[in-house]
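Q: I'm new to this structure and would love a close look at one part of it. Could you walk me through that part in a connected way?

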Amino acid sequence: MKAVVWTRYGSSDVLQQQDLERPTPKDNEVLVKVHAASINSWDWELLTGRANFNLGGRLKPPYKILGCDVAGTVEDVGRNVTRFRPGDEVFGDISRDGWGGFAEFVCARETSLSLKMASLSFEQAAAIPQAATLALQSLRDKGKIRPGQRVLINGAGGGVGTFAVQIAKSFGAEVTGVDRAEKLDMLLSIGADHVVDHIKEDFTRNGQEYDLIVDVQSHRSVFDYKRALAPKGICVLVGGSGGAIFKSLLLGSWAIGNRKVTLLLYKPDPLDLALISDLIEAGKVVPVIDRRYVLSEVADAFRYYAEGNVKGKIVVTVQ
Ligand SMILES: NC(=O)c1ccc[n+]([C@@H]2O[C@H](COP(=O)([O-])OP(=O)(O)OC[C@H]3O[C@@H](n4cnc5c(N)ncnc54)[C@H](OP(=O)(O)O)[C@@H]3O)[C@@H](O)[C@H]2O)c1
């Protein structure tokens with residue numbers, strides 16, 4: 001099978017397409033013929049070694065092939081698999097199964113996969129799992145979102161943010177999206193009530209208060225969040241600078257009074273994917289796909305990601 005192989009940390013240039021043996025599913029695994037996969041910021045952080053910290057500083061890449069969000073057709077199943085059979089259309093986040101989505105075939109445990117709705121294309125399905133689940137878990141589980149709340153999403157124009165804006169709207173919130181100017185029209189088009197250009201305006205110093213802040217790009221101090229949060233408000237840190245996140249969590253409990261700063265610890269969950277699928281079926285959420293690439297162009301796709309200014313997600317069509 002064709003696969004885009006990752007042999008060392010570096011830029012997009014280290015990615016190479018090669019011919020590899022097709023994997024064989026273990027007893028509890030499904031062999032998926034991949035139709036589409038998508039890039040998440042986590043792929044980029046792994047590729048460049050920025051996620052090394054989380055992986056105990058390993059010198060060699062922990063996986064041979066990147067790509068954790070996949071959509072495809074079940075090709076074969078292990079003997080203990082009960083939920084799927086060959087021909088089923090599935091999607092999911094396989095980050096707990098050794099990654100490997102940028103390839104023609106990949107194995108994953110059946111518990112990592114969900115049935116894909118017929119109304120979704122494989123490309124749309126591949127754009128969903130990690131980004132949409134991060135968005136849902138930030139808003140619902142950590143943020144305790146409620147109708148009528150003022151919710152701000154910082155980094156709203158990227159993968160997680162475009163889902164977070166729409167999911168927050170589906171919960172009945174008034175949503176402000178913060179990102180760079182080029183993405184603001186898109187944010188309004190997917191339902192944001194207000195937008196802020198982060199280059200021109202600092203949302204922590206404009207006199208507005210929010211009941212819930214979801215920060216995908218956390219670089220601020222806990223005192224900044226305190227200014228922007230309403231009393232009893234919650235700020236959920238999803239990603240960003242490790243140092244800033246650490247300091248916020250360390251200082252958060254005493255420095256911020258009756259407000260709260262908390263960190264999301266992501267857990268892939270097929271039940272959450274089912275809920276997100278319902279929101280999509282109901283027309284409340286639409287995956288935003290900026291560009292599509294084919295498998296042989298994965299390095300170009302990462303180059304485009306690294307330039308910034310991606311609106312929503314980048315999808316790789318495999319077969
Ligand atoms: N907590 C967990 O368990 C967990 C698990 C997995 C991943 N993560 C994290 O989740 C995050 C996911 O991000 P993503 O996939 O949505 O990334 P993304 O697609 O790259 O989106 C990030 C967005 O933020 C924008 N941005 C950059 N700097 C900004 C600033 N100073 N203010 C406002 N917006 C800014 C980016 O714009 P440009 O493109 O123009 O730069 C982009 O639109 C990552 O940080 C990742 O590390 C967390």
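Which residues does S114 touch, not counting residues up to four places away in sequence?

A: Happy to help! Please keep in mind that this is a predicted model. Let's begin with S114 itself, which has its place in strand 7, made of residues 113-115. With a relative accessible area of 8%, S114 is buried, because that value falls under the 20% cut-off. Leaving aside residues up to four places away in sequence, S114 touches R83, F84, E89, V90, F91, P270 and L273.

Two of those names lead us onward. S114 touches P270 and L273, and helix 8 covers residues 270-281. Helix 8 in turn packs with helix 3 (residues 129-142), at an angle of about 90° and with the axes 10 Å apart. Helix 3 is therefore roughly perpendicular to helix 8. On the helix 3 side, the contact is made by P129, A132, T133, L136, Q137 and R140. Helix 8 brings D272, L273, L275 and I276, so L273 takes part in this contact and is also touched by S114. By kind, the residues of this helix contact divide into six nonpolar, two polar and two charged.

Elsewhere, there is a ligand to look at too. It has 24 residues around it, and D179, R180, K183, L264 and Y305 come nearest. The side chain of D179 has an N or O atom 2.7 Å from an oxygen atom of the ligand. For R180, a side-chain N or O atom is likewise 2.7 Å from a ligand oxygen, and the side chain of Y305 also places an N or O atom 2.7 Å from an oxygen of the ligand.

Methods:
Residues are numbered from 1 along each chain as its sequence is written. This is a predicted model: local features need pLDDT of at least 70, side-chain atom pairs count only at pLDDT 80 or more; totals for chains, interfaces and linings use all residues. Side-chain values use heavy atoms; hydrogens and water are left out. Helices (H or I, at least four residues) and strands (E, at least two) are DSSP runs, numbered from the N terminus. Buried means under 20% relative accessible area, exposed over 50%, partly exposed in between (1.4 Å probe, protein chains only). Contact means heavy atoms within 4.5 Å. Axes are lines fitted to C-alpha atoms, for helices over the stretch in contact, and angles run from 0 to 180 degrees between N-to-C directions. Angles under 35 degrees count as roughly parallel, over 145 as roughly antiparallel, 65 to 115 as roughly perpendicular and the rest as oblique. Ala, Val, Leu, Ile, Met, Phe, Trp, Tyr, Cys and Pro count as nonpolar, Asp, Glu, Lys and Arg as charged, and the others, Gly among them, as polar. A residue is near a molecule or strand if one of its heavy atoms lies within 4 Å of it. A polar contact is a pair of N or O atoms within 3.5 Å; within protein, one must be able to donate a hydrogen and the other to accept it, and residues adjacent in sequence count only if both atoms are side-chain atoms.
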